Amino acid sequence: MILVRLIYASRLQKDCTVGDLNAILDASRKNNPRLGISGILCYTTEFFLQWLEGPRGEVNTLYNLVVQDPRHRGCVILDYTEVQTRQFESWGMAFISAKGIDRKIWSRYMHGEKMDPYELTHENASVFLVEAAKAQKDTWGGKIKAD
Ligand code: FAD
């Protein structure tokens, strides 16, 4: 079986509520294990950065469903790579918030005042997410909270 990692960035729709965001996490945690997909969702008040890993066909199908979701727009694939092992095994969808990411971490990979995942190169997208995720391991199973 060919395993792939797909990382994309998108923008939240302006009317997206915390309830909508938690519904996304709930649906991901319900559906992904059945599809053999694991990953992490990084959320800011403006952007999503999501890492999906699993069998190539399942990841491609899920991504094609997710891009049509009206709760976000402007999906751009930053990285699509065949992998030998998983980074987030046993996490149907781990979660981290940009609020918890030390500025020193994201300013190594992005310029400017705000964390903007569209600035990430394909190499930096995976390195950044692994580094940011490691620093917030205690939130992986959590939910999105109102700001
Ligand atoms: P359901 O169990 O039917 O829905 C779950 C909840 O989401 C319900 O409360 C429902 O009201 C609400 N909901 C569903 N669709 C919409 C919609 N279009 N607009 C508003 N509310 C809605 N799905 C995954 O399975 N795995 C993922 O990893 C994943 N990642 C996502 C990442 C992002 C950034 C976004 C925006 C969506 C993601 N989704 C993911 C959701 C995906 O787009 C589909 O909505 C979901 O897969 C539908 O699954 P379901 O039918 O089991 O959901």
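This is a short talk on a ligand site, a helix and a loop in one predicted model.

Some ground rules. The model is predicted, so local features need pLDDT of at least 70, side-chain atom pairs count only at pLDDT 80 or more, and totals for chains, interfaces and linings use all residues. Numbering starts from 1 along each chain as its sequence is written, and side-chain values use heavy atoms, with hydrogens and water left out.

Let's start with the ligand. It is surrounded by 19 residues. A residue counts as near when one of its heavy atoms lies within 4 Å of the molecule. The closest are Lys30, Asn31, Asn32, Asp69 and Arg71.

Now the polar contacts, meaning pairs of N or O atoms within 3.5 Å. The side chain of Lys30 places an N or O atom 2.6 Å from a ligand oxygen. For Arg71, the corresponding side-chain distance is 2.9 Å. For Asn31, it is 3.0 Å. Taken alone, the ligand exposes 920 Å², and the protein buries 67% of that. Those areas come from the Shrake-Rupley method with a 1.4 Å probe.

What is the make-up of the shell by class? Eleven residues are nonpolar, five are polar and three are charged. Here nonpolar is Ala, Val, Leu, Ile, Met, Phe, Trp, Tyr, Cys and Pro; charged is Asp, Glu, Lys and Arg; the others, Gly among them, are polar.

Which elements supply the shell? α1 (18-35), β3 (47-55) and α2 (56-66) each give at least two residues. Elements are DSSP runs, numbered from the N terminus: helices are H or I with at least four residues, strands are E with at least two. The largest share, seven residues, comes from α1.

So, on to α1. Its 18 residues should span 26 Å at 1.5 Å a residue, and its end C-alpha atoms are 26 Å apart, which agrees. The expected span is 1.5 Å times one less than the number of residues. There is a kink of about 25° at Arg29, shortly before the proline Pro33. That bend is the angle between axes fitted to the seven residues ending there and the seven starting there. Buried residues in α1 include Leu21, Ile24, Leu25, Ser28 and Asn32. Buried means under 20% relative accessible area, exposed over 50%, partly exposed in between (1.4 Å probe, protein chains only).

Last, the loop between β4 (72-83) and β5 (94-97), which holds Ser90. Most residues other than glycine have a negative phi. Ser90 has a positive one, about 75°. Ser90 is exposed, at 71% relative accessible area. Met93 lies in that loop too. Buried or exposed? Met93 is buried, at 0%.

Terms used:
A polar contact is a pair of N or O atoms within 3.5 Å; within protein, one must be able to donate a hydrogen and the other to accept it, and residues adjacent in sequence count only if both atoms are side-chain atoms.
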